[in-house]
Amino acid sequence: MITFESWNDAQAQIPDFPADSETKGALETLRWAYETYDEKLVYACSFGIEGIVLIDLIAQIKPDAEIVFLDTNYHFKETYDIIDKVKARYPKLNIRMQQPDLTIEEQAAQFEPDLFKTNPNKCCEIRKIIPLQKALAPSTAWISGLRREQSESRANTNYLNLDKRFEKVKVCPLIHWTWKEVWRYVTKHELDYNVLHDQGYPSIGCAPCTKPAFSIDDVRSGRWSGSGKTECGLHTT
Ligand code: SF4
């Protein structure tokens with residue numbers, strides 16, 4: 001078993017994933033990761049369009065894989081609807097809803113109502129970062145659907161990354177996929193997806209912090225729009 005502590009050894013053992021494979025290395029990366037980390041590998045899925053692709057690929061390799069969704073209690077109804085559809089399509093998958101320690105009401109009482117407006121970083125810490133930390137605690141590695149073209153801050157992402165924030169190995173099988181390729185896969189395999197994608201939302205997070213994108217060239221432009229915030233903190237150190 002390759003552990004976080006032996007990251008250098010892991011680096012040495014990473015196979016050369018073929019960028020010209022049918023899935024641009026995604027299936028090969030996932031196969032390697034599950035063979036290497038097995039039960040110590042968890043997929044933290046937001047059930048956006050990349051998540052729909054990854055779940056379909058993961059189900060081909062490990063039908064009973066563990067998948068965790070950070071249920072901030074602020075998600076759109078359409079997001080919960082797609083989770084139900086995915087559960088029905090892949091009944092063997094172990095999909096867990098990770099809850100924050102505080103309900104929305106408790107958070108409002110301890111801090112202030114609508115903390116997402118006044119201090120979105122604190123809100124994300126309580127409702128996303130700490131819950132992910134707890135969800136990942138038993139694991140050595142986690143999977144993420146990051147793609148290089150999504151944003152400047154994601155442009156240097158590799159198939160395997162040393163995640164210093166969570167002290168895990170972060171596996172990113174879709175780094176080379178383009179937006180068009182993601183949609184081509186979903187269409188070809190007739191996969192269900194969040195209907196908000198058809199209503200101008202390329203990237204979907206919590207309802208209070210997600211608007212339709214104003215630019216097709218920046219798929220994350222609808223997230224925390226106008227606040228200067230671009231990431232929830234899950235992918236920053
Ligand atoms: S995305 Fe918005 S509502 Fe969701 S946890 Fe972060 S600040 Fe809170």
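**Exercise 1.** In this predicted model, state the order of helices and strands along the sequence.

*Solution.* Reading along the sequence gives the pattern α-α-β-α-β-α-β-α-α-α-β-β-β-α. The elements in the protein are eight helices and six strands.

**Exercise 2.** Determine what share of the residues is buried and what share of the accessible surface belongs to carbon and sulfur atoms.

*Solution.* Start with the cut-off: a residue is buried when its relative accessible area is under 20%. Of the 237 residues, 52% meet this condition. Next, take the surface: the accessible area of the protein is about 11500 Å², and carbon and sulfur atoms account for 48% of this area.

**Exercise 3.** Describe the largest nonpolar core and say which elements build it.

*Solution.* Nonpolar side chains tend to be buried together in soluble globular proteins. Here the largest nonpolar core has 46 residues, and the members that touch the most others are Phe 47, Ile 55, Leu 57 and Ile 143. Now look for the elements that supply at least two residues each: among them are the helices α2 (26–37) and α4 (77–89) and the strands β1 (41–44) and β2 (66–70). The greatest contribution comes from α3, with eight residues.

**Exercise 4.** Find which residues Leu 57 touches, leaving out those up to four places away in sequence.

*Solution.* Before Leu 57 in the numbering, the partners are Thr 23, Ala 26, Leu 27 and Leu 30. After Leu 57 come Leu 174, Trp 177 and Tyr 185. For the protein as a whole, take the contacts between residues at least 6 apart in sequence: 69% of them join residues at least 24 apart.

Note on methods. Residues numbered from 1 in each chain as written. Predicted model: local features only at pLDDT ≥ 70, side-chain atom pairs only at ≥ 80, totals over all residues. Heavy atoms only, no water. Core = buried A, V, L, I, M, F, W, Y, C linked by side-chain atoms within 4.5 Å. Buried < 20%, exposed > 50% of the residue type's maximum accessible area, 1.4 Å probe, protein only. Helix = DSSP H or I, 4+ residues; strand = E, 2+ residues; numbered from the N terminus. Contact = heavy atoms within 4.5 Å. Areas by Shrake-Rupley, 256 points an atom, 1.4 Å probe, with all protein chains shown as cover.
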